[in-house]
Amino acid sequence: MISTLRRLDQVYLKNGQNSDVYYARLRSKLKLVLLECRESFENCFCVSMGSNETQDYAAAIRLSDEGARIEVKDPELLGYFAELGESDDFTPEFVQSNPVKVRTPDSVCDDPQRIRQILTAHPVWAEYDSRCIGCGRCTTSCPTCSCYSVHDLTYAENPKQGERRRQWASCMVDGFSDMAGGHGFRAKHGERLRYRALHKVNDYKARQGEEHMCVGCGRCDDRCPHYISFSNIINKMTDVVEQTIAADNAQGAN
């Protein structure tokens, strides 16, 4: 997903004004081919997240029973298609509506710190202490999750040699927030889900100043074994913020 790569580029290339040299090396070699998506999947809400359209691609393709129609924008790719098929005026189309629609908290409150204050201790997360099992399938399927741990490995054949390796990490599984001395944060699954949800639709945008981290692909909804819907969570968050602000305003008026 091209919208996903914008988020990852922000994290690995621009976050804190530092560029991840390993990511940058691979990213510089990447050319993006857009596979046209004109119809929404069941759990997608990309239109609500503003990630349903893009022009940032090297080529685009539409597959059908009649074959393939291709738009090539990158001159470096033109040579590969010079003797294939015939000229075409194909331009990709994009999804314009999803069955699932969400409202993000910033649609009812423009202060991310206030949003966090309202949601951090709210009882809305308590139900997920039992519903969520902390399996991490939501984060393994999420295209914008970027957390990793670093481990030093030694080789059995030569213990004096080894490597420092990155290993994917999930905020939803045990041990993610463990600290020295046996301390840890967010022991309850509802607390972990709150952390993830706030990061995806509040904290990332507040820090980076651009767009939400969540792209509305709905993959986490598809993968969750307990049918926890992230789109429902976002709407619940927004409802809570809206109701709390309305109650505070009413109390202040009295």
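Start by colouring the protein chain by burial: of its 254 residues, 39% come out as buried. Keep in mind while you click around that this is a predicted model.

Now switch to a cartoon view. You should be able to pick out nine helices and five strands in the protein chain. Walk along from the N terminus and the order of elements reads α-α-β-β-β-α-α-α-α-β-β-α-α-α.

Next, select just the C-alpha atoms of the protein chain and line the view up with the principal axes. The box they fill is roughly 70 × 60 × 35 Å. If you draw a contact map, look at pairs with a separation of 6 or more: 69% of those contacts in the protein chain link residues 24 or more positions apart.

Time to turn on the surface. The protein chain shows about 15,600 Å² of accessible area, and carbon and sulfur atoms own 49% of that. Colour by charge next: you get 32 positive and 36 negative side chains, and the centres of these two sets sit 7 Å apart.

For the last stop, select Ile 70, Tyr 80, Phe 81 and Leu 84. Together these residues make a nonpolar surface patch of about 410 Å². Zoom in on Phe 81, which you'll find in helix α3, the stretch covering residues 75-81. Is Phe 81 buried or exposed? Neither label fits: Phe 81 counts as partly exposed because its relative accessibility is 32%, and that class lies between the buried cut-off of under 20% and the exposed cut-off of over 50%.

Note on methods. Residues are numbered from 1 along each chain as its sequence is written. This is a predicted model: local features need pLDDT of at least 70, side-chain atom pairs count only at pLDDT 80 or more; totals for chains, interfaces and linings use all residues. Side-chain values use heavy atoms; hydrogens and water are left out. Helices (H or I, at least four residues) and strands (E, at least two) are DSSP runs, numbered from the N terminus. Buried means under 20% relative accessible area, exposed over 50%, partly exposed in between (1.4 Å probe, protein chains only). Contact means heavy atoms within 4.5 Å. Accessible areas come from the Shrake-Rupley method with a 1.4 Å probe; for residues, only the protein chains shown count as cover. Lys and Arg count as positive and Asp and Glu as negative; His and the chain ends are not counted. The place of a charge is taken as NZ of Lys, CZ of Arg, CG of Asp or CD of Glu. Patches are made of residues with over 30% relative accessible area and no salt bridge: like charges are joined within 9 Å, nonpolar side chains (Val, Leu, Ile, Met, Phe, Trp, Tyr) within 5 Å. A salt bridge is a side-chain nitrogen of Lys or Arg within 4 Å of a carboxyl oxygen of Asp or Glu.
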